Every structure is written in C-alpha cells, then in structure tokens.
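I opened this notebook to keep track of what I look up in the structure, one topic at a time. The entries follow the order in which I went through it.

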Amino acid sequence: MNPTQTDTSLFNRLRFVLVETSRAGNVGSVARAMKTMGFSDLVLVAPKCENPLTDPEAVAFASGAIDVLGRARIVADVQQALDGCNFAAAVSARLREFSPPVWAPRAFAAHAGSQPDLRPAIVFGNERVGLPNGIVEGCNVLINIPANPDYSSLNLSQAAQVLAYEARLAAVGDGVEARGVGFHGESASVTQVDGMYAHLEQALVAIDFLDADNPKKLMPRLKRLFARTGLETEEVNILRGIASAILKARPPR
C-alpha cells in the first residue's frame, strides 16, 4: 500500500464516540462536523436524549449529514463502542491526576494518520460533566485542545470539529495551493516595469509630491511595494495611464 492510500484510509479507520450525550442537536452537529471533514463512523454510548439519531433537532443540526446519522450506532457501553478499535483517545478540557499521556490534537492526528494498522477512536464525554475518570484511564491517550486558559471549554461539536479537521490534515494535507485572486494576466516584463517607474516618477515630480533634488527613499519604497504585487502588463498600462493623465493636467515645469 503506498503512502497516499495509507493516509486516505484514515477516513475509514477513525471512529467518533459520544458518551451519554444530552442533546440530540449536539449529535447532529457532530455528524455535520464529521462529514465536512470526510468522516462517517459515529457511535453513541447510552445517550441521555430520546431518538438522538432521528429527533428533528438532530436532523436540523446535521444540516445535510443525514447519512452519517443514518449509519450511526447506539450501544450500551464504551467497550461495545470501541469494539474493533485498537487505540482510544479521550477528549477532555480537564487534566487528571492519573491519566494516560496527554496529547494535543495534532499529535494524535499525526499518529493515527501514520499508522495504517491503527483503528483509532476519539471518545467525547457528556456536555456538562465530560468523561468519567474510569473511561479516561482506560484510553491510550488524553487529548487536550490548547485553548484560552481562562475559558478553555469548547462545546461538543466544536471539539469534534477541531479533531476532525486535524485528522483530515493528517490524512491528505491542507490541500490548498497558494493562489492569487481571480483572473491572472500576463506578467509584466522588467522593461515594462522600469518604464512605469520612470513615468510614475515624472508624474510625482509634476505634482510636487516628489522633490527631484531631494527624493529621499520614495521611489525605492514604491518599487518595493509594487514588487510584492507581481504586476501584470495590464496593471502596468493602467498605472502609466494614470501617470499620463497627471502629466497632461500638470506638465513638467
């Protein structure tokens, strides 16, 4: 199996486990967070709400991720939820005295993405009380999301979104190439740009913005400014047109 296939398989290997979730809307929101990042394996452990997969609030908050809800399973305990998994990560904003190693989301995602034989699960607790110590201690790692220390509690779907996003990055990379904006025209040549600078300098002198006898660093700064933009031929022509209009209104003395 090549690296690309191994990484991509994380979408099929990673499971999201929700323990004793109180609100059906949160179940739907987690389903949406998962689907936006390409994940679909969702298991609910003893949910506190009725019909968490079909409740109108869950359906509304899923916002199109009905297929994730439709494939989700409800089980009685965490052991059943982790059946088939060989690596479990508890998620908590609260650190414990006796806990497994504490990892950041990115460290977990990198580990899960680089181990093709790993079948990992991310375990989230109840919205109000989180995960009990017994479940945390039974996991391989504790994921703690770095956040504002004065207000570090994310809601359930936000935490799921962070983990799903990091897992996606580990699986496929950011997938975003650096792009300019919209249409890309022909890049201006060095000769065209130099001609524009000379023309612009004439115009700035004509309106007394640039003192030809004491130019200081105005033109070097303008050149640095335009150098950062990657000028196109049409843009150079526009700037030269502006310079021509200035010189027509204020001919050089």
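Entry, the nonpolar cores. I am working with a predicted model, and I began with its largest nonpolar core, which has 40 residues and in which F16, F39, L42, F108 and F124 have the most contacts. I then looked up which element gives the most to this core, and found that helix α9, residues 156–172, does so with 7 residues. I also noted a second, separate core of 17 residues, with V19, A90, V136 and C139 among them.

Entry, F16. Which residues is F16 in contact with, once its neighbours within four places in sequence are left aside? I listed M34, F39, D41, L42, V43, I122, F124, A160 and A164 as its contacts. Two of the names in that list, A160 and A164, fall within the range that I had written down for helix α9.

Entry, the chain as a whole. I counted 12 helices and 7 strands in the chain. The radius of gyration came out at 29 Å, well over the 18 Å that the globule rule gives for 253 residues, so I recorded the chain as more spread out than a compact globule. Along the principal axes, I found that the C-alpha atoms fill a box of roughly 90 × 40 × 40 Å. I noted as well that 41% of the 253 residues count as buried, and that, of the contacts with a separation of 6 or more, 83% are between residues 24 or more positions apart.

Entry, the largest pocket. I looked up the volume of the largest pocket and wrote down about 520 Å³ of space. Its lining is made up of 24 residues, of which V91, S92, A93, S153 and L154 are the closest to the centre. When I sorted the lining by class, I obtained 11 nonpolar, 9 polar and 4 charged residues.

Entry, backbone angles. I went through phi with a general expectation in mind, namely that most residues other than glycine have a negative value. E20, which is not a glycine, has a positive phi of about 50°, and I placed E20 in the loop between β1 (15–19) and α3 (24–36). Is E20 buried, exposed or partly exposed? With a relative accessibility of 31%, E20 counts as partly exposed, because that value lies between the 20% and 50% limits. N51 is another residue other than glycine with a positive phi, in this case near 45°, and I located N51 in the loop between β2 (41–45) and α4 (56–62).

Entry, N26. I found N26 in helix α3, where its relative accessible area of 18% makes it buried, because buried means under 20%. Not counting residues up to four places away in sequence, N26 touches T21, E127 and L156. I also looked up the separation of N26 from E57, a residue 31 positions away along the chain, and the C-alpha atoms of the two are 8.6 Å apart.

Entry, T233. My last look-up was T233, which I placed in helix α12, residues 233–249. T233 counts as buried because its relative accessibility is 15%, against a limit of 20%. Which residues does T233 contact, leaving aside neighbours within four places in sequence? I wrote down E186, S187, A188 and Q192 as its contacts.

Methods: Residues numbered from 1 in each chain as written. Predicted model: local features only at pLDDT ≥ 70, side-chain atom pairs only at ≥ 80, totals over all residues. Heavy atoms only, no water. Core = buried A, V, L, I, M, F, W, Y, C linked by side-chain atoms within 4.5 Å. Buried < 20%, exposed > 50% of the residue type's maximum accessible area, 1.4 Å probe, protein only. Helix = DSSP H or I, 4+ residues; strand = E, 2+ residues; numbered from the N terminus. Contact = heavy atoms within 4.5 Å. 1 Å grid on protein atoms, 1.4 Å probe; cavity = no way out; pocket = protein on both sides within 12 Å on 5 of 7 lines; lining within 4 Å. Points joined across faces, edges and corners; volume = space filled by probe spheres on them. Nonpolar A, V, L, I, M, F, W, Y, C, P; charged D, E, K, R; others polar. Rg over C-alpha atoms; globule rule 2.2 N^0.38 Å.
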